[in-house]
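Colleague: I'd like to walk through this model with you, one question at a time. Please bring it up on screen first.

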Amino acid sequence: MTALPDPLTVEVVDLIGTVVARYHEEYERAAAEHSLTGAQARLLRMLVMEPMPMRKLAQCLKCEPSNVTGIVDRLESRGLVERRPDPADRRVKLAVPTPDGRETAERLRTSLDFARQPLGRLTVAERTLLKELLQRMLGVAPEADEADEAGGDAGDTGRAGKAGTAR
């Protein structure tokens with residue numbers, strides 16, 4: 001029989017769930033303001049990071065390839081995405097964001113205020129520590145000193161320490 005999680009772990013999991021639910025609500029709302037569905041917005045954001053074949057998009061979105069084809073068709077009809085041959089294998093088509101698609105994805109990303117406002121109340125050191133803890137939870141290798149460069153607001157100067165030493 002597995003042991004029950006301790007009350008603190010249960011509370012942290014509940015808080016993470018609340019954060020995720022609020023993020024999804026705001027993401028859907030922000031997507032709608034750009035006349036996109038949440039799935040279209042997520043796919044467009046993924047393509048801005050890396051053009052991908054349909055099969056890989058379906059795997060990343062955890063949906064059927066036919067659903068991805070429909071999403072890409074709709075984004076393509078709006079001039080946000082185009083299909084191009086993969087230079088590594090010309091039989092494969094990559095979905096690639098157009099300049100308008102990149103601009104729309106960036107406007108969408110910068111319009112998400114839910115996390116930005118509460119995170120802004122944390123010091124740079126606290127945000128850095130939170131980032132590192134989330135990366136550890138996800139098994140992602142931390143980026144070296146990225147937070148020092150991306151830092152935060154000028155108002156954080158003087159309050160920020162190097163959280164990278166707290167590993």
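Colleague: Which residues does Q40 touch, leaving out those up to four places away in sequence?

Modeller: Ground rules first: this is a predicted model, where local features need pLDDT of at least 70, side-chain atom pairs count only at pLDDT 80 or more, and totals for chains, interfaces and linings use all residues. Residues are numbered from 1 along each chain as its sequence is written, and side-chain values use heavy atoms, with hydrogens and water left out. Q40 sits in helix α2; helices (H or I, at least four residues) and strands (E, at least two) are DSSP runs, numbered from the N terminus. With contact meaning heavy atoms within 4.5 Å, Q40 touches S35, I71, R74 and L75.

Colleague: Is Q40 buried or exposed, and what is its relative accessible area?

Modeller: Buried means under 20% relative accessible area, exposed over 50% and partly exposed in between, using a 1.4 Å probe and protein chains only. Q40 counts as buried because its relative accessible area is 7%.

Colleague: S35 was on that contact list, so to speak. What is its phi?

Modeller: S35 lies in the loop between α1 and α2. It is exposed, with 55% relative accessible area. Though not a glycine, S35 has a positive phi, about 60°.

Colleague: And what about K62, where is its phi?

Modeller: K62 belongs to the loop between α3 (54–61) and α4. It counts as exposed because its relative accessible area is 73%. K62 is another residue other than glycine with a positive phi, near 55°.

Colleague: Why is L80 classed as buried?

Modeller: L80 is found in the loop between α4 and β2. Setting aside residues up to four places away in sequence, L80 has contacts that include L36, L44, L75, V96 and T104. L80 is classed as buried because its relative accessible area is 4%.

Colleague: Which residue is 18 residues from L80 in sequence and 5.3 Å away, C-alpha to C-alpha?

Modeller: P97, T98 and D100 are among the residues that L80 touches. The one that is 18 positions away in sequence and 5.3 Å off in space, C-alpha to C-alpha, is T98.

Colleague: What is the strand order of the sheet?

Modeller: Strands of a sheet pair through backbone hydrogen bonds, either parallel or antiparallel. Here two strands pair if DSSP finds at least two bridges between them. The edge strands, each pairing on one side only, are β1 (52–53) and β2 (81–86). The sheet is open, with three strands in antiparallel pairing, and its order is β1-β3-β2.

Colleague: How many bridges do β2 and β3 share?

Modeller: These strands form a hairpin with two residues between them. E82 has V96 in β3 as its bridge partner. The antiparallel pairing of β2 and β3 runs over a number of bridges, namely six.

Colleague: Which residue in β3 is the bridge partner of M52?

Modeller: β1 pairs with β3 (residues 89–97) in the antiparallel sense over two bridges. In β3, the bridge partner of M52 is A95.

Colleague: At what angle does helix α2 run to β3?

Modeller: Axes are lines fitted to C-alpha atoms, for helices over the stretch in contact, and angles run from 0 to 180 degrees between N-to-C directions. Helix α2 (residues 38–49) lies across β1, β2 and β3, and its angle to β3 is about 115°.

Colleague: What is the volume of the second largest pocket?

Modeller: On a 1 Å grid over the protein atoms alone, a pocket is an open set of points where a 1.4 Å probe fits, with protein on both sides within 12 Å along at least five of seven lines; lining residues have an atom within 4 Å of a point. Grid points are joined across faces, edges and corners, and a volume is the space filled by probe spheres set on the points. The lining includes Y23, R42 and L112. The volume of the second largest pocket is about 240 Å³.

Colleague: How many helices and strands does the protein have?

Modeller: From the N terminus on, the elements run α-α-β-α-α-β-β-α-α-α-α. The protein has eight helices and three strands.
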